[in-house]
Each structure stands twice: as C-alpha cells, then as structure tokens.
Amino acid sequence: MRTPIIAGNWKMHKTVNEAVQYIETIQSNQLPQDVEAVICAPFLTLHTLQDKLAGSSIGLGAQNAHWEKEGAYTGEVSVHMLQDLGVGYVILGHSERRTYFAETCEQVNKKTIAALNAGIIPIVCVGETIQERESGRTFEVVSSQVKKALKGIASNELHKVVLAYEPVWAIGTGRASSANDAEEVIAYIRKTLMSEFGTAVAEQIRIQYGGSVKPENIATYMAEPNIDGALVGGAALDPESFSGLVKAASRVGGQA
Ligand SMILES: O=C(CO)COP(=O)(O)O
C-alpha cells in the first residue's frame with residue numbers, strides 16, 4: 001500500500017519569521033501519522049526550518065536544485081547543499097520553472113538523478129497546458145514528460161520518486177481538475193510506468209494531483225485508486241488549511 005503524501009509548495013512566500021510561526025501552528029495541530037506531510041519552503045528558510053522540524057514527522061523540501069555538486073552557477077543551490085542540511089525532498093520541474101525559467105526535460109532528468117544519488121526524494125511535476133488539453137494531447141505530453149524525467153534511473157531507485165500531475169490550467173486558477181479527470185490521467189501515467197519499468201515499481205511510485213486543491217475538495221482525489229496525495233500551493237500557505245488537508249488525506253482520521 002502506498003503511503004499518502006501531502007506536500008505544501010509555498011512557492012515564493014514567507015519570510016523566516018513567518019515560516020517559523022507557521023511550523024509552530026502545524027506542530028500544535030497533531031497531524032495524523034499515516035500521511036506523509038511535507039513543507040516545500042524557499043531556500044532562505046530551510047536552515048531554520050530544519051532545526052525547527054528536527055525529530056518531527058513533518059518532512060522538509062526545497063522547490064528546486066542544481067544537479068552539479070558545486071561550481072560557477074551564480075544564484076543556484078545544489079542538491080549536495082540540500083543534502084548537507086538534511087533536506088529530505090525537492091520539487092523538480094514545476095510548470096512555473098519550466099515556463100518562467102525555461103527549464104527543460106533534460107535538466108529535470110539531471111536534477112532527479114542528482115537528488116536520488118543524494119538520498120533526497122524528488123517530487124517531479126508534469127502536466128499539460130490548456131492548449132495541449134484542448135488539442136487532445138494530454139496523455140502524449142504527460143507520458144513524454146514522465147519518460148524523459150525518469151530516463152536512466154536505476155530500477156532500485158525509481159520507487160523513491162514521487163510524481164505530481166499538475167495540469168497547468170488548474171494551478172492557482174481555482175479551476176481544479178475533477179477527480180475523475182485527474183484519475184484518468186494519473187492512471188495513464190501509471191500505465192506508462194508499467195510499460196517502461198515493470199508492474200512492481202509502477203505500483204510503488206506515488207503520484208500526486210496538484211492544481212487548486214483545497215480542504216473542501218481533497219477527499220474526492222484521495223478516494224481515487226491511483227491518486228496518492230496532493231501537491232498544494234495556495235491552500236497550503238495557511239497552517240490551519242494545510243493541517244486540514246493532511247487530516248482529510250488520512251485513512252484513519254480523515255473523511256476520504
Ligand atoms: O502549483 C501548485 C503546487 O505545486 C498548485 O498550486 P495551487 O494549489 O495554488 O493551484
């Protein structure tokens with residue numbers, strides 16, 4: 001059985017003080033233990049949050065990383081530096097990075113391999129634009145992104161990868177994909193994983209849905225057989241709302 005994973009992507013939000021207050025609130029909320037809860041915070045806050053979360057079951061993630069260990073890459077932060085800090089997760093290939101920073105599938109692949117080599121769980125994002133969806137290319141686009149991101153990864157490492165299906169048109173728009181539509185694409189991603197890497201590993205890889213997920217709609221996604229959690233932007237910025245998302249994803253204490 002795959003453990004549900006709810007990750008909050010803060011994007012470019014929160015100062016160090018705001019981040020600390022947030023963590024104190026979710027720590028006082030007693031999150032369920034059968035859900036992996038992860039906060040993906042800006043680089044500047046990671047050091048403080050790592051201290052704050054020591055010994056806690058809440059995971060800490062970054063939102064990007066460079067694949068080289070070190071070097072002349074002004075403005076970049078390496079996977080190695082995240083590993084040194086004890087960061088456990090990293091979001092890679094988010095559509096905002098692909099769109100605004102011209103990140104390519106090849107770069108996402110290098111970053112994914114580097115993260116796994118460093119023992120960091122990559123949360124690899126894929127998803128189609130509205131134009132791609134309307135021209136009937138969703139399956140083709142998403143499966144190609146998945147194959148390119150996971151190219152050359154050793155089969156004994158693949159199961160650690162988390163995939164996030166985030167249709168670009170659903171991100172930050174309030175226009176969430178229906179649970180049925182998200183399940184259809186995510187089931188197709190799992191089928192792609194089966195044909196590329198075999199059934200055993202395909203059954204182990206967790207696939208999240210992302211795009212306008214809220215405490216009010218998360219149960220519909222969690223009820224789908226192939227959806228293993230959510231990657232949440234806006235609704236994860238408030239600690240009470242994030243706590244509500246994690247609780248709703250719990251098979252023990254949630255409404256799902
Ligand atoms: O991009 C997202 C998470 O990575 C989704 O953002 P929203 O939840 O704000 O739509």
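How do strand 6 and strand 7 pair, and over how many bridges? Strand 6 (residues 162-165) and strand 7 run in the parallel sense, joined over four bridges. Strands count as paired if DSSP finds at least two bridges between them. Helices (H or I, at least four residues) and strands (E, at least two) are DSSP runs, numbered from the N terminus.

Before going on, some background. You are looking at a predicted model, where local features need pLDDT of at least 70, side-chain atom pairs count only at pLDDT 80 or more, and totals for chains, interfaces and linings use all residues. Residue numbers start from 1 along each chain as its sequence is written.

**Strand 7 and its partners**

Let's stay with strand 7. On the strand 6 side, Leu 163 has Ile 207 as its bridge partner in strand 7. Strand 7 also pairs with strand 8 in the parallel sense, this time over two bridges, and there Tyr 209 stands opposite Ala 230. Strand 7 is mostly covered, with five of its five residues buried. Buried here means that 20 or more other C-beta atoms lie within 10 Å of a residue's own; 12 or fewer makes it exposed, anything in between is partly exposed, and C-beta atoms are placed from the backbone. Arg 206, Gln 208 and Gly 210 sit on one side of the strand, Ile 207 and Tyr 209 on the other.

**Three loop residues**

Here are three residues that sit in loops.

| Residue | Loop between | C-beta neighbours within 10 Å |
|---|---|---|
| Gln 30 | helix 1 (16-27) and strand 2 (36-40) | 10, exposed |
| Ser 212 | strand 7 (206-210) and helix 11 (218-222) | 21, buried |
| Gly 234 | strand 8 (229-232) and helix 12 (239-248) | 18, partly exposed |

Most residues other than glycine have a negative phi. Gln 30 has a positive phi of about 50° although it is not a glycine, and Ser 212 has a positive phi too, near 60°.

**Around the ligand**

Ser 212 turns up again in a record: an unreviewed UniProt entry lists Asn 9, Trp 10, Lys 11, Gly 172, Ser 212, Gly 233 and Gly 234 under "binding site". These residues span 226 residues in sequence, yet no two of their C-alpha atoms are more than 14.0 Å apart, so they gather at one spot. UniProt positions follow the numbering used here, feature names are shortened, and annotations may be inferred rather than shown by experiment.

What surrounds the ligand in the model? There are 14 residues around it, and the closest are Asn 9, Ile 171, Gly 172, Gly 233 and Gly 234. To count as near, a residue needs its C-beta atom, placed from the backbone, within 6 Å of the molecule. This shell divides into five nonpolar, eight polar and one charged.

**Helix 5**

Elsewhere in the chain, helix 5 (residues 105-117) has 13 residues and reaches 18 Å from its first C-alpha to its last, close to the 18 Å expected at 1.5 Å a residue. Its buried residues include Val 108, Ile 113 and Ala 115. The buried residues of helix 5 pack against helix 3 (79-85), strand 4 (89-92), strand 5 (121-126) and helix 7 (138-149); contact means C-beta atoms, placed from the backbone, within 7 Å. After helix 5 comes Gly 119, with a positive phi near 75°.

Definitions and conventions. The expected span of a helix is 1.5 Å times one less than its number of residues. Two residues are in contact if their C-beta atoms, placed from the backbone, lie within 7 Å. Ala, Val, Leu, Ile, Met, Phe, Trp, Tyr, Cys and Pro count as nonpolar, Asp, Glu, Lys and Arg as charged, and the others, Gly among them, as polar.
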